[in-house]
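Student: Please take me through the salt bridges in this model, slowly and up close. I would like to know where the partners sit and how much of each one is covered.

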Amino acid sequence: MSGDSQLQKSVLDELAWEPTVDAAHIGVAARDGVVTLTGHVNNFAEKLAAERAARRVKGVKAIAQEIDVKLPSSDVRSDEDIAASALSVLRWHAGLPTEQIQLKVEDGRVTLNGEVHWQYQSDLAESDVRKIKGVCGVTNLISVKPSVQPFEVKRKIEEALKRSAELE
């Protein structure tokens, strides 16, 4: 079996193994380590799970993600409803400065904007919004602006080392 054929088979096997993915609706092509995923899934979380599964396969160098999200009619929601749910989810998550995060919803695709102090806050906001029923995609444009300056970090590390040395 050629390298591309083996890679394609390995990715298909990994997709079939992943319980959060319905592999029957996903096609895989492989060429020189570049894997193209095609087809459709029922929600955005499944699309991301398919991509993560493909990335786990040894030999995958890049992924061309061409999977469409086709929501079942029972999951289709208005942009207004998705936006209200997203705001609610973000507010309920401790540690997120929701007053600094704005969102826009268009055709089920959520765009996050704003400024936070830590990368985990940006990642957390994106992760929370991905899981909302009816979301077809998420674009995270939240920028991270640390509130601590490098010279402050240096000073605090030196103070911690001094305290530790005094105890030792």
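Tutor: Let's set the scene and then go through the pairs in turn. This is a predicted model, so to speak of a local feature we need pLDDT of at least 70, and side-chain atom pairs count only at pLDDT 80 or more, while totals for chains, interfaces and linings use all residues. Residues are numbered from 1 along each chain as its sequence is written, and side-chain values use heavy atoms, with hydrogens and water left out.

The chain has five helices and seven strands (DSSP runs numbered from the N terminus: helices are H or I with at least four residues, strands E with at least two). Read from the N terminus, the order is α-β-β-α-β-α-β-β-α-β-β-α.

Now to the charged pairs. A salt bridge here is a side-chain nitrogen of Lys or Arg within 4 Å of a carboxyl oxygen of Asp or Glu. By this rule there are ten salt bridges, and we will look at three of them.

Start with Arg 56 and Glu 18, whose side chains meet at 2.9 Å, N to O. This pair ties together distant parts of the chain, with the two positions 38 residues apart. Arg 56 belongs to the loop between α2 and β3 (62–69), and Glu 18 to the loop between α1 (3–17) and β1. How well covered are they? We call a residue buried under 20% relative accessible area, exposed over 50% and partly exposed in between (1.4 Å probe, protein chains only). Glu 18 is buried because its relative accessible area is 14%, whereas Arg 56, at 46%, is partly exposed.

The second pair stays inside one element. Glu 126 and Arg 130 are both in helix α4 (residues 119–130), four residues apart, which is about one turn of the helix. Their closest N and O atoms are 2.8 Å apart. Glu 126 counts as buried, because its relative accessibility is 18%, and Arg 130 is partly exposed at 26%.

For the third pair, go to helix α5, where Glu 158 and Lys 154 are likewise four residues apart, about one helical turn. Here the closest N and O atoms are 3.5 Å apart. Glu 158 is partly exposed, with 44% relative accessible area, and Lys 154 counts as exposed at 53%. Salt bridges can also share partners: Glu 14, Glu 18 and Arg 56 are joined in that way into one network.

While you are at helix α5 (residues 150–167), find Ile 157 in it too. Together with Val 153 and Leu 161, Ile 157 forms a nonpolar patch on the surface, with about 280 Å² of accessible area between them. Such a patch takes residues with over 30% relative accessible area and no salt bridge, joining nonpolar side chains (Val, Leu, Ile, Met, Phe, Trp, Tyr) within 5 Å and like charges within 9 Å. Areas come from the Shrake-Rupley method with a 1.4 Å probe, and for residues only the protein chains shown count as cover. Ile 157 itself counts as partly exposed, because its relative accessibility is 48%.

To finish, step back to the whole chain: buried residues make up 32% of its 168 residues. The accessible surface comes to about 10500 Å², and 52% of that belongs to carbon and sulfur atoms.
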